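Subject: Structure for you to look at

Hello,

I am passing on the structure that we talked about, and below it you will find what came out of going through it. Please keep it open beside this message while you read.

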Amino acid sequence: MDFFPIFMALSDRDCLVVGGGKVAARKVALLVRAGAKVEVVSPTLCDELRKLAADGEITHSTRKFEDSDIDNKALVIAATNQQEVNRRVSALAHERHLPVNVVDQPELCSFIMPSMIDRSPVQIAISTGGSAPVLARLLRARLESYVPAAYGRLAKLMDSYRDKVKQRFSDVEQRRRFWEELLDGEIAELMFTGQDERAREYLENALNNADNKAQAVGEVYLIGAGPGDPDLLTFRALRLMQLADVVVYDRLVSTQILDMVRRDAERIYVGKERDNHTLSQENINQLLVRLAKEGKRVVRLKGGDPFIFGRGGEEISTLMENGISFQVVPGITAASGCATYSGIPLTHRDYAQSVVFVTGHLQDGSVDLNWKALAHPNQTIVFYMGLHGVGVMSEQLVKHGLPASTPVGLVQQGTTQNQRVIITDLENLEHTVKEEALKPPTIIIVGTVVELHKTLHWFNPLPGADPRPFGGTPHV
């Protein structure tokens with residue numbers, strides 16, 4: 001993050017705004033709404049500021065800025081049309097470690113003013129780090145319709161019952177679940193329809209009838225995180241990820257997707273690489289059982305789809321044996337996502353009438369497949385986890401009838417901004433993997449459909465993307 005998001009208490013604190021035009025007036029209005037004591041320094045004032053001064057909402061010093069003006073101020077804003085003055089205000093504030101904002105000059109700022117949705121006490125701030133304020137305003141406008149004004153009244157109602165809920169529930173998890181169940185239920189709908197008193201009665205009854213000693217029932221959500229692009233997650237996946245008490249994630253979950261899990265959820269990394277397993281699959285299965293029996297809602301986040309080479313079947317089998325409730329949320333499997341983003345249709349009327357997904361190695365590390373069934377013309381083969389066995393793969397497919405010139409597409413970190421697409425053929429496959437230093441996760445697509453990449457590729461990753469889009473170490 002270029003800027004750390006923070007909300008600052010300014011009630012009854014002295015703040016300085018240098019400048020008296022319409023831009024300054026917008027900043028002053030926000031500070032006044034926050035309860036700040038605002039001093040405006042400017043030889044002249046626009047109509048809006050003149051009225052605020054006349055009403056006693058602000059104080060006005062009718063002169064040019066002086067260095068001593070920033071003394072004993074909690075926050076400083078420079079909003080003049082004079083570059084020299086703006087730079088001087090910024091420099092003085094930085095010297096004294098005061099938060100300073102210079103309008104439309106992020107390089108001079110120690111903080112920036114976000115676009116805001118105000119449903120006090122609920123506030124949503126949107127920022128582009130000063131790089132695209134128009135985009136921030138557009139996002140705010142789109143979000144406005146999704147955040148009814150009733151959310152502010154709902155927050156105030158919840159605040160009025162905080163102490164009672166704390167007395168009723170001694171455990172933090174019990175309190176959180178109590179609120180979540182209410183907010184997902186009738187109380188929010190009552191507030192949205194203006195039935196505030198009924199909502200209060202509903203909350204009171206729910207609190208009186210709550211069982212403080214009831215043991216929370218745990219559940220496991222087995223979620224496919226897709227191939228990497230967070231925009232490919234399902235709505236259901238996002239909703240359950242926000243309910244998680246703990247997330248158990250593997251190596252193929254991108255950092256951007258992991259960031260969408262509820263912020264205070266515990267994170268447990270169980271990534272597995274060849275010959276380097278953080279936990280064995282059996283231990284992962286038992287971990288899910290233990291966490292659920294502790295009453296936790298567990299998100300098991302897996303790259304791609306949990307039922308396509310994701311060992312999801314093994315995990316839910318263990319859950320069923322132990323009587324643990326679970327849900328399975330499908331994800332876009334790597335074959336589909338990577339093929340689509342590389343412009344390689346897995347089936348095509350003129351090239352391939354069937355497609356088969358295979359794993360590049362078995363549990364014992366060998367590559368032992370039905371090569372005769374795979375080496376069919378007009379068929380697309382997608383290899384998961386196949387980099388280690390590309391030598392055997394190319395040798396056996398050619399031996400069983402595919403031409404050595406059969407095109408092969410290698411898609412590394414598909415659907416992300418780090419996506420690489422390398423086109424080769426069976427004859428040169430092993431050499432290409434070594435020469436290009438390809439690393440997992442890489443999908444290997446074999447078949448004549450790969451030729452279509454030349455004309456159908458549409459996704460152009462941006463340079464300078466996150467060098468670590470996939471999880472390899474625990475995230476905070």
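Just after helix α3, His97 takes a positive phi of about 60°, and this is worth setting against the general pattern. Most residues other than glycine have a negative phi, and most peptide bonds are trans. Please bear in mind throughout that this is a predicted model.

The helix that comes before His97 can be checked by its length: α3 covers residues 83-95, and at 1.5 Å a residue its 13 residues should span 18 Å, which agrees with the 18 Å between its end C-alpha atoms. Which residues of α3 are buried? They are Val85, Asn86, Val89, Ser90, Leu92 and Ala93, and because they fall within an arc of 165° when seen down the axis of α3, they line one face of the helix. The spacing fits a general rule: an α-helix has 3.6 residues a turn, so residues three or four places apart point the same way. The buried residues of α3 pack against β1 (14-18), β4 (75-78) and β5, whereas Glu84 and Glu95, on the other side of α3, are exposed.

Two other residues that are not glycine also have a positive phi, and their surroundings are given here in turn. Asp12, with a phi of about 60°, is placed in the segment before β1, and its relative accessibility of 59% means that it counts as exposed, since the cut-off for that is over 50%. Thr415, with a phi near 75°, sits in the loop between β17 and β18 (420-425), and Thr415 is buried, with a relative accessible area of 3%.

There are also cis peptide bonds to look for. One runs from Ser120 to Pro121, with omega near 5°, and Pro121 lies in the loop between β6 and β7. Another runs from Pro440 to Pro441, with omega near 0°, and Pro441 is found in the loop between α17 (429-435) and β19.

Next, the largest pocket, which holds about 2,000 Å³ of space. Of the 46 residues that line the largest pocket, the closest to its centre are Ile112, Met113, Pro114, Ser115 and Met116. Among the elements that each supply at least two residues of this lining are β6 (115-119), β7 (122-126) and α4 (133-144), while α1 gives the most, with 6 residues. By class, the lining has 27 nonpolar, 10 polar and 9 charged residues.

Further along the chain, how many of the 8 residues of helix α14 are buried? The count is 6, so α14 (residues 334-341) is largely enclosed by the rest of the structure. Its buried residues, which include Ala334, Gly337, Cys338 and Tyr341, pack against β15 (354-359), β16 (379-384), β17 (407-412) and β19 (442-446). Gly343, which follows α14, has a positive phi near 70°.

Finally, here are two single residues in helices. Thr318 is placed in helix α13 (residues 312-321) and counts as buried at 8% relative accessibility; leaving out residues up to four places away in sequence, Thr318 touches Asn285, Gln286 and Val289. Glu186, in helix α8 (residues 186-192), counts as partly exposed at 37% relative accessibility. Setting aside neighbours within four places in sequence, Glu186 is in contact with Arg198 and Tyr202.

Best wishes

Definitions and conventions
Residues are numbered from 1 along each chain as its sequence is written. This is a predicted model: local features need pLDDT of at least 70, side-chain atom pairs count only at pLDDT 80 or more; totals for chains, interfaces and linings use all residues. Side-chain values use heavy atoms; hydrogens and water are left out. On a 1 Å grid over the protein atoms alone, a cavity is a set of points where a 1.4 Å probe fits but cannot get out, and a pocket is an open set with protein on both sides within 12 Å along at least five of seven lines; lining residues have an atom within 4 Å of a point. Grid points are joined across faces, edges and corners, and a volume is the space filled by probe spheres set on the points. Helices (H or I, at least four residues) and strands (E, at least two) are DSSP runs, numbered from the N terminus. Ala, Val, Leu, Ile, Met, Phe, Trp, Tyr, Cys and Pro count as nonpolar, Asp, Glu, Lys and Arg as charged, and the others, Gly among them, as polar. The expected span of a helix is 1.5 Å times one less than its number of residues. Buried means under 20% relative accessible area, exposed over 50%, partly exposed in between (1.4 Å probe, protein chains only). The arc is that of the directions from the helix axis to the C-beta atoms. Contact means heavy atoms within 4.5 Å.
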